[in-house]
Amino acid sequence: EEFDDQPCLLALGCSYTLGSGLPVECTWPSLVGRALNLPVANLAWMGHSADSCFRIAEYWVPRLNVQQVVMLTPFSDRVEVLTEKGAITYMPSNIPETTTDEFLTHWVLNNENGRLNSIRNKLAVKQLCHNLNVPCQVYDALTYMADSREKLEYARDYMHAGPRGHQILAERIINDCTTTN
């Protein structure tokens with residue numbers, strides 16, 4: 001759906017939030033939006049990082065009529081770097097073994113940097129929302145969407161959580177939103 005001035009739920013994250021391999025109506029943002037009676041602005045993108053989530057939130061939360069932000073934090077081994085050509089998300093799997101780039105070898109490949117960066121971005125999104133009086137819930141993809149595939153089912157791409165996984169997470173988010181707001 002196109003953005004307009006009506007109240008909405010803003011969803012942030014990576015392919016787990018986007019709903020890779022699933023019909024849109026089975027994704028946790030759609031399920032939560034229906035339960036809260038809010039249209040959904042799903043601003044997730046495949047391969048995004050927590051940096052991407054903050055960058056997008058910082059731009060869109062003040063511009064939309066956001067009633068609730070929910071962020072499913074991407075895996076912490078991803079970092080976004082802005083260049084003149086746009087944003088690049090680095091993760092260990094897309095760094096050449098022969099790289100001599102010290103940033104990549106010392107930042108991306110050190111798990112502690114990723115862990116701390118993810119925490120900083122989660123706190124930044126929460127503070128941004130707090131400053132704008134917008135309720136915000138933050139969850140970790142690794143905790144909620146990387147459970148056993150037998151429990152969560154598979155999506156059509158056989159890589160991401162299926163409908164059951166999205167339903168489990170949506171129920172948790174709906175409960176948290178209705179008890180804290």
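In this predicted model, the largest pocket is lined by T73, P74, F75, S76, R115, S118, I119, K122, D140, A141, L142 and T143. The space inside comes to about 200 Å³. Two helices, α5 (111–131) and α6 (141–144), each put at least two residues into that lining, and α5 takes the largest share with four. As for chemistry, the wall is a mix: five residues are nonpolar, four polar and three charged. R115, K122 and D140 sit among the lining residues, and Arg, Lys and Asp go into the charged class.

Next comes the second largest pocket, with about 160 Å³ of space. Its lining is made up of E1, V24, S30, G33, R34, L38, P39 and V40. Here helix α2 (residues 28–36) gives the most, supplying three residues. Sorted by class, the lining holds four nonpolar residues, with two polar and two charged ones alongside. E1 and R34 both belong to this lining, and Glu and Arg count as charged.

Besides lining that pocket, α2 also packs on another helix, α8 (residues 163–180), at an angle of about 40 degrees. The two axes lie 8 Å apart, and the crossing of α2 past α8 is right-handed. On the α2 side, the residues that meet the partner helix are W28, L31, V32, A35 and L36. Facing them from α8 are H166, Q167, L169, A170, I173, I174, C177 and T178. Charge plays no part in the tally for this contact: 10 of its residues are nonpolar, three are polar and none is charged. On the polar side of that count, H166, Q167 and T178 are among the α8 residues in the contact, and none of His, Gln or Thr is on the nonpolar or charged list.

Just ahead of α2 in the chain, the loop between α1 (15–18) and α2 holds S20. Despite the loop setting, S20 has a relative accessible area of 10% and therefore counts as buried, the cut-off being under 20%. Leaving aside residues up to four places away in sequence, S20 touches S15, M46, A155, D157 and H160.

Technical notes. Residues are numbered from 1 along each chain as its sequence is written. This is a predicted model: local features need pLDDT of at least 70, side-chain atom pairs count only at pLDDT 80 or more; totals for chains, interfaces and linings use all residues. Side-chain values use heavy atoms; hydrogens and water are left out. On a 1 Å grid over the protein atoms alone, a cavity is a set of points where a 1.4 Å probe fits but cannot get out, and a pocket is an open set with protein on both sides within 12 Å along at least five of seven lines; lining residues have an atom within 4 Å of a point. Grid points are joined across faces, edges and corners, and a volume is the space filled by probe spheres set on the points. Buried means under 20% relative accessible area, exposed over 50%, partly exposed in between (1.4 Å probe, protein chains only). Contact means heavy atoms within 4.5 Å. Axes are lines fitted to C-alpha atoms, for helices over the stretch in contact, and angles run from 0 to 180 degrees between N-to-C directions. A crossing is left-handed if the near helix is turned anticlockwise from the far one by less than a right angle, and right-handed if clockwise.
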